[in-house]
Amino acid sequence: SVSAVDEDTDHLDYTWAADGGFFPGGFVGADVTWSPPASMGTYYATVTVDDGSATVADTLALQVAVPGLDLSPVALDFGFEETDLAFVVSNTGDGPLQWIASVDPLWLTLDTGYGLLAPGSTATVIVSVDRTGLGPGLFESRVSIATPFGNGQVTVSMNVPRPGRLSLSPTALDFGLDETVLTFDITNTGDLGLTWTTQSLTAWISVGPTSGDTGEETDTITVTADRAGLAPGDHQGVVAVATNDGAGFVSITLHMISPPVLALSAHTLDFGYTTTSRELDIFNGGDGSFTWTVSSSSTALAFAPTAGTVSTETDVVTVTVDRSGLPAGVHSHDFIVAGNGETETVTAEFNVSGEPPALTNLFFLHHSTGRNLIEEGSVRSRLAAIDGDLDFWDHDYNSIGVMNPNGSLTGDSYNIPGDNTDPDGLHTLWTTSNSARAAILANHEVIAFKSCYPASDITSTAMLDQYKAWYLDIRDFLDTQPDKVFVIMSPPPRHRLATDSGDAARARAFADWLGSSDYLSDHSNLVYFDFFDHLANSSNMLRYDFERSHSDSDSHPNTLANQTVGPYFAAALAAAAGGAR
């Protein structure tokens, strides 16, 4: 404010100026407001009074005192265990400092949240953390400090520890043929302590130490195997580790040496009508090694080699039959395999005949598409019309089972593995030893099998290659059954709404490969029926007129399709029987 008197009572005008700061309400008038700059120091404000004919001025010196905010430390690390830490708020300036502190997360609290500091004074703020209910891990936040003259923050970090966590290495110990002492390690991958006990669950295994605590170190456990009194062969055991984190287990294996054992892959070799050579595997069913010999008093049999030594490998003996000079009929000739003080008798069975007997027992393994083909395609009646001596059996899903030549269910099922006739299921059926395969081979002579339309959903070249590999394995087994005739069928195509051009093209490629010379040449007991080709259009999808519905993706061929294909299928089965061997 300025006070001025003019003796002539002239009107006075007041004008202000300053070398810093500004006048937020204007710089004209006897009373004005001045807002100082942010920096401390001495500033000068000058007022000029004008009566219209003369002016007079006066100057004020203004001292500006600004407070300063300092925080120390600017970071608090509570680690895994701390709950209370402090930082200091300091006023490093010349004016009073008003401050307010704030935090966001619920796990972070302050003992005080505001204050007013004189120049040079300090305030201590205690920060507390609460880990209750928080999962393991690192938590980070900050304390924010606000003042009229600037803001600051203190970062806060806190760890919530993971409980002790058990890790075993290794989890399996193999004592082999002669080891008696092996070890495994217990480590703690958590943050808190791990308390453990060990216990052998097997009588011939002892373990030590039996208890302990693991922090950051690794504890080694010694496992001792007592071989005394164990029988020859493989033995298994378990060591249990119980902890405050639950239990872990270490599996133990041990092998006691057993004497050599003469073992053979078969005791009967069936050469049928035309096969001249078969292979017999000789191997060691125990440990060690032994020398073997093979001999026979029959001049119809020859062997190569006639002697050898086996330990862990398998020796293969090729047995050859010479039918020359033998009368027609069934022949059975024994030969002896001797080794390790043991002898095993093997029988070679073969037929000598000008013409093999006709095959009349036909069998078809299928699911729903095959069932529709039989019923709607009149396969049974068509076969009867071709040859009344042909007996046609078929097998549906396991839940339906076997149907006899009269078309009646027998109430029996061969229990196809997994009830699966897709390529992988057929691979399991024919390449593994199972009761279904044994029953089919024992009961039937001409055997047809196929997959249903899902097998034509071949989504990649790798999948196509896998199909081929499975069917090559199947063919290898079928070659061992020279007295049987196998009718291999391609899967039916998919409905146009259920496939695409790429999958359909691969389905066509698979069907073509099954019927190619690459697959069939030199395999005289294999017959091919291209079910796919009978049903597919030029786009390799189910023909439009063979669709059961044109509006949904049901891929079952319709009645017209089965009536069309039925005669071809019946003729193919009859031809397979008539042209057998």
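Ala, Val, Leu, Ile, Met, Phe, Trp, Tyr, Cys and Pro count here as nonpolar, Asp, Glu, Lys and Arg as charged, and the others, Gly among them, as polar. The views show a predicted model, with local features needing pLDDT of at least 70 and side-chain atom pairs pLDDT 80 or more, while totals for chains, interfaces and linings use all residues. Residues are numbered from 1 along each chain as its sequence is written, and side-chain values use heavy atoms, leaving out hydrogens and water.

**View A. The largest pocket and its lining.** A pocket is an open set of points on a 1 Å grid over the protein atoms alone where a 1.4 Å probe fits, with protein on both sides within 12 Å along at least five of seven lines; lining residues have an atom within 4 Å of a point. The largest pocket has a volume of about 350 Å³, a volume being the space filled by probe spheres set on points joined across faces, edges and corners. Follow its lining through S265, A266, T268, L269 and D270, then T275, T276, S277, R278 and E279, and finish at T480. Strands β23 (268–270) and β24 (277–284) are the elements that give two or more residues to this lining; helices (H or I, at least four residues) and strands (E, at least two) are DSSP runs, numbered from the N terminus. By class, the lining holds 6 polar, 3 charged and 2 nonpolar residues.

**View B. The second largest pocket.** Here the volume is about 250 Å³. Its lining is made of 16 residues, and T274, T275, P482, S524 and N525 lie nearest the centre. T275 should look familiar, as this residue also lines the largest pocket. The lining of the second largest pocket divides into 6 charged, 6 polar and 4 nonpolar residues.

**View C. Strand β30 with its partners β23 and β29.** Strands count as paired if DSSP finds at least two bridges between them. Strand β30 (residues 342–352) runs parallel to β23, and 3 bridges join the two. Look for D270 of β23, whose bridge partner in β30 is E349; D270 is also one of the residues lining the largest pocket. With β29 (residues 329–339), β30 pairs in the antiparallel sense over 11 bridges, and H331 stands opposite F350 of β30. The hairpin of β29 and β30 has 2 residues between the strands, and N340 in the turn shows a positive phi of about 60 degrees.

**View D. An open sheet of 5 strands.** Read across the sheet, the order is β14-β21-β20-β16-β18, with mixed pairing. Strands β14 (172–174) and β18 (211–214) are the edges, each pairing on one side only. From one strand to the next, the twist averages 25 degrees. At one edge, β16 (residues 194–200) and β18 run antiparallel and are joined by 4 bridges. To find this pair on screen, pick T195, whose bridge partner in β18 is D213. At the other edge, the loop between β13 (166–169) and β14 contains P170, and the peptide bond joining S169 and P170 is cis, with omega about -10 degrees.

**View E. Strand β32 between two kinds of pairing.** Strand β31 (residues 361–365) runs parallel to β32 (residues 391–395), with 5 bridges joining them; L365 stands opposite H395 in β32. Strand β33 (residues 402–403) pairs with β32 in the antiparallel sense over 2 bridges, and D394 has M403 as its bridge partner in β33. The hairpin of β32 and β33 has 6 residues between the strands, among them G401, with a positive phi near 85 degrees.

**View F. Helices α1 and α9 where they pack.** Helix α1 (residues 368–376) meets helix α9 (residues 559–578) at an angle of about 80 degrees, their axes 8 Å apart. Axes are lines fitted to C-alpha atoms, for helices over the stretch in contact, and angles run from 0 to 180 degrees between N-to-C directions. The two helices are therefore roughly perpendicular, a label for angles of 65 to 115 degrees. From α1, N372, L373 and E376 meet T559, N562, Q563, V565, G566 and F569 of α9, where contact means heavy atoms within 4.5 Å. Together these residues divide into 5 polar, 3 nonpolar and 1 charged. In the loop between α1 and α2 (379–386) you will find S378, a residue other than glycine with a positive phi, near 55 degrees.

**View G. A cis bond before P305.** The peptide bond from A304 to P305 is cis, and its omega is near -5 degrees. P305 lies in the loop between β26 (301–304) and β27 (307–310).

Notes. Parallel < 35°, antiparallel > 145°, perpendicular 65-115°, else oblique.
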